[in-house]
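Visitor: Before we look at anything in detail, could you take me through this model and tell me, for each label you use, what the label rests on?

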Amino acid sequence: MSYAIQIEGLKKSYGDHIVLKGLNFHVEKGEIFALLGVNGAGKTTALEIIENLRRCEEGRIVVNGRVGIQLQSASLPDHIRPMEAVRLFAKWNRVEADPSMLAALGINELAKKQYIELSTGQKRRLHLALALLSDPDIVFLDEPTAGLDVEGRLSLHEQIRKLKAEGKTIVLASHDMAEVENLCDRIAILNDGAIVFIGTVEELTAKVGRRYKLRIETDQGEECYEADNIGDTMLALLENYKQKGVEVLDIKIDRGTLEQHFIDIARGNGE
Ligand SMILES: Nc1ncnc2c1ncn2[C@@H]1O[C@H](COP(=O)(O)OP(=O)(O)OP(=O)(O)O)[C@@H](O)[C@H]1O
């Protein structure tokens, strides 16, 4: 099997609080896989157990390949310079830093700055560079674009896509639904310690429906509708308005986002 990661029966509690109730899933080699869930769902706990940074009570975890882990913010000393951090981590990992990777992430441009002077985006780029030093097969990213502006986010997405194109497997935890929709091959949604959905964005959409929201302004006022089949619903509504002699002035269609579908499933309303 071409699995990068295989998880069976993963259980974790903090005292009486059961956080993971027995997770089963796999990550295929070369895919971008996301763990989603509301705050406190257990995404970081699950990632850290797979990364071998945290213990679990029960479970079988198989990781096939070299692992690179992106640090959380503020994990480096305030006054270290980016290239010093790179040299330190390279020495630690007994590798040579790949100049093209450092150039792609713009690390050389940060040479004069100290860690404390870096912006959030610059810190994340540095953290990603450190994670990639050992040329890992599997890269773990926990909320990789949290706090970034649009430009920073797009640039990091591009880097993540490049990693996939190089054949690396990416596992990330994210709150950003647009990010997941644009970037990920498959997603797993955690809710109450269990996986409530696993599959592609298209499969998630098919499972919960698109639930279009329609806002129709007429000469009589404004009315809102919800529909799964937008074409049929629109035709029926327009026909109805026509028969009643009501003039339609404006129609707005909200196509719904993955976030809405996710929230439906995470709250148990998706079945
Ligand atoms: N070291 C710890 N000791 C006790 N409880 C913890 C510890 N770490 C996490 N928790 C609890 O475990 C639950 C899951 O936390 P975790 O950080 O894994 O969730 P998450 O899905 O990553 O959340 P977020 O999206 O907010 O980062 C939360 O209720 C949290 O309070």
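Guide: The model is predicted, and a good place to begin is the separation of its two domains, whose C-alpha centres lie 44 Å apart. The domain assignment places domain 1 at residues 3–200 and domain 2 at residues 212–255. Along its principal axes the C-alpha trace of the protein chain spans about 75 × 45 × 35 Å, and the chain holds nine helices and 12 strands.

Visitor: What makes Ala-41 count as buried?

Guide: The cut-off for a buried residue is 20 or more other C-beta atoms within 10 Å of its own, and Ala-41 has 22 of them, so Ala-41 meets the criterion. Ala-41 lies in the loop between β3 and α1. Leaving aside residues up to four places away in sequence, Ala-41 touches Leu-190 and Asn-191; the C-alpha atoms of Ala-41 and Leu-190 are separated by 6.0 Å, although these residues are 149 apart along the chain. For the protein chain as a whole, 30% of the 271 residues count as buried, and of the contacts with a separation of 6 or more, 70% are between residues 24 or more positions apart.

Visitor: Why are β2 and β4 called edge strands?

Guide: They belong to an open antiparallel sheet of three strands in the order β2-β1-β4. Because β2 (17–28) and β4 (58–63) each have a single partner strand, one side of each is left without a neighbour in the sheet, and this is what places them at the edges. On average, and with direction ignored, neighbouring strands of this sheet are turned by 15 degrees against each other.

Visitor: How do you know that β1 and β4 are paired?

Guide: Pairing requires at least two bridges between the strands, and five bridges join strand β1 (residues 3–14) to β4 in the antiparallel sense, so the requirement is met. Within this pair, Ile-7 stands opposite Ile-61 in β4. Helix α1 (residues 43–50) lies across β1, β2 and β4, and runs at about 120 degrees to β1.

Visitor: What makes β5 and β9 the edge strands of the six-stranded sheet?

Guide: That sheet is open, with mixed pairing and the order β5-β6-β7-β3-β8-β9. The strands β5 (67–69) and β9 (194–199) each pair on one side only, and the twist from one strand to the next averages 15 degrees. Three bridges join β5 to strand β6 (residues 138–142), and these two strands run parallel; Val-67 stands opposite Ile-138 in β6. Helix α5 (residues 150–165) lies across β3 (32–36), β6 and β7 (169–173), running at about 145 degrees to β7.

Visitor: How do you know that the buried residues of α7 are on the same side of the helix?

Guide: The buried residues in helix α7 (residues 201–208) are Val-201, Leu-204 and Val-208. They cover an arc of only 60 degrees around the axis, and therefore sit on the same side of α7. An α-helix has 3.6 residues a turn, so residues three or four places apart point the same way. The face of α7 turned away from its buried side carries Glu-202 and Ala-206, which are exposed.

Visitor: Why are β10 and β11 called a pair?

Guide: Set against the requirement of at least two bridges, strand β10 (residues 212–218) and β11 pair in the antiparallel sense over seven bridges, so they qualify as a pair. They form a hairpin with two residues between them, and Lys-213 stands opposite Glu-226 in β11. Strand β11 (residues 221–227) is hardly covered, since the count of buried residues among its seven residues is zero.

Visitor: How do you know that the span of α8 agrees with what a helix should have?

Guide: At 1.5 Å a residue, the 15 residues of helix α8 (residues 230–244) should span 21 Å, and because its end C-alpha atoms are 21 Å apart, the two values agree. Just after α8, Gly-245 takes a positive phi of about 75 degrees.

Visitor: And what makes α8 "hardly covered"?

Guide: The count of buried residues among the 15 residues of α8 is zero, where buried would call for 20 or more other C-beta atoms within 10 Å.

Notes: Residues numbered from 1 in each chain as written. Predicted model: local features only at pLDDT ≥ 70, side-chain atom pairs only at ≥ 80, totals over all residues. Domains from an automatic or database assignment. Helix = DSSP H or I, 4+ residues; strand = E, 2+ residues; numbered from the N terminus. Expected span 1.5 Å × (residues − 1). Buried ≥ 20, exposed ≤ 12 C-beta atoms within 10 Å, placed from the backbone. Axes fitted to C-alpha atoms, helices over the stretch in contact; angles between N-to-C directions. Contact = placed C-beta atoms within 7 Å. Arc of directions from axis to C-beta.
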